[in-house]
Amino acid sequence: MNNELDKKWFSAGGCAGMCVDLTLFPLDTIKTRLQSQQGFYKAGGFRGIYAGVPSAAIGSFPNAAVFFVTYESTKSLFTGYSATNLAPITHMLAASLGEIVACLIRVPTEVVKQRTQANPSLNTYRVLLNTLHEEGFRGLYRGYGSTVLREVGWLSCIHIKYWSSAVWWRRQGGRLDSWQAAVCGALAGGVAAFVTTPLDVAKTWIMLAKAGTSTASGNIPKVLYEVWRSRGIPGLFAGSIPRVTFISMGGFIFLGAYEKVRRTLL
């Protein structure tokens, strides 16, 4: 793989990720508090809406950059299939691998971010120290499995599939303008966001649970059942509105910004 291209994909993906995460951060805070076990207002309500933003800011660039470097690098291995019916599958495989690798960076920052969002009286540094003191380094990776399942299971596949197989893409010989990529990203992201909300709720419960509890063990089916039993169907889709809004707008900004930066650098 060309090292110069790697650097450009890294920069394009990182810049796009930072644009999304920092611009739409308040929506993410509202979503986390709606999903938390303690309830929206006890988790802070609309107070301290930027709690946890340092964690998001630190992890945003490398997370998005690593995803796109992995995605583009993997996709390039299947260049011979790009003009065949297997193209959507290769895009899905590349996106899934990209998410698995990116989650190595995303999950620790997500754990600290969500715990700070649900406890606005604590700052990011204090939450990080508390997590390391109580659970060690492993505590930063609590919820890794549920995060990967959420991303790989639906979000990445649907997101990239819609983008890559859009009518515009077919009609324009495999090329999308920045605004067209953004529209496709918003549509795909919104659909995927709603479908995967129950997995996102499970991830939030697992990351926010007290160490040593059954929820903290990360058994996803058990957590989903616990949510359904205590809160019903509405509980499984808690935070779906800010989540869909965040990812739809985020898809528009992310893919549009990525295409714009990538083409500027290439």
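Trainee: What links F40, Y41 and F46 into a cluster?

Mentor: Ring pairs do, in this predicted model. Overall, the structure holds 8 aromatic pairs.

Trainee: Why is the pair of F40 and F46 called edge-to-face?

Mentor: Their ring centres are 5.1 Å apart, and rings pair if the centres lie within 6.5 Å. The planes sit at 75 degrees, and over 60 counts as edge-to-face, so that's the label.

Trainee: And F137 with Y141, why is that pair called tilted?

Mentor: The centres are 5.7 Å apart, within the 6.5 Å cut-off. The planes are at 55 degrees, which is neither under 30 nor over 60, so the pair is tilted.

Trainee: Back to F40 and F46: how do you know which is buried and which is exposed?

Mentor: F40 has 12% relative accessibility, and buried means under 20%, so F40 is buried. F46 has 57%, and exposed means over 50%, so F46 is exposed.

Trainee: What makes Y141 partly exposed?

Mentor: Its relative accessibility is 26%, in between the 20% and 50% limits, so Y141 is partly exposed. F137 comes out at 57%, over 50%, and therefore counts as exposed.

Trainee: Why does R243 count as buried?

Mentor: R243 has 4% relative accessibility, which is under 20%, so buried it is. R243 lies in helix α11, residues 240–265, and its contacts beyond four places in sequence are K31, R150, A193, T196, T197 and D200.

Trainee: And V183, why is that one partly exposed?

Mentor: V183, in helix α8, has a relative accessible area of 32%, in between 20% and 50%, so partly exposed fits. Its C-alpha is 9.2 Å from that of M249, with their positions 66 residues apart in sequence numbering.

Notes. Residues numbered from 1 in each chain as written. Predicted model: local features only at pLDDT ≥ 70, side-chain atom pairs only at ≥ 80, totals over all residues. Heavy atoms only, no water. Helix = DSSP H or I, 4+ residues; strand = E, 2+ residues; numbered from the N terminus. Buried < 20%, exposed > 50% of the residue type's maximum accessible area, 1.4 Å probe, protein only. Contact = heavy atoms within 4.5 Å. Phe/Tyr/Trp six-rings, centres within 6.5 Å; stacked < 30°, edge-to-face > 60°.
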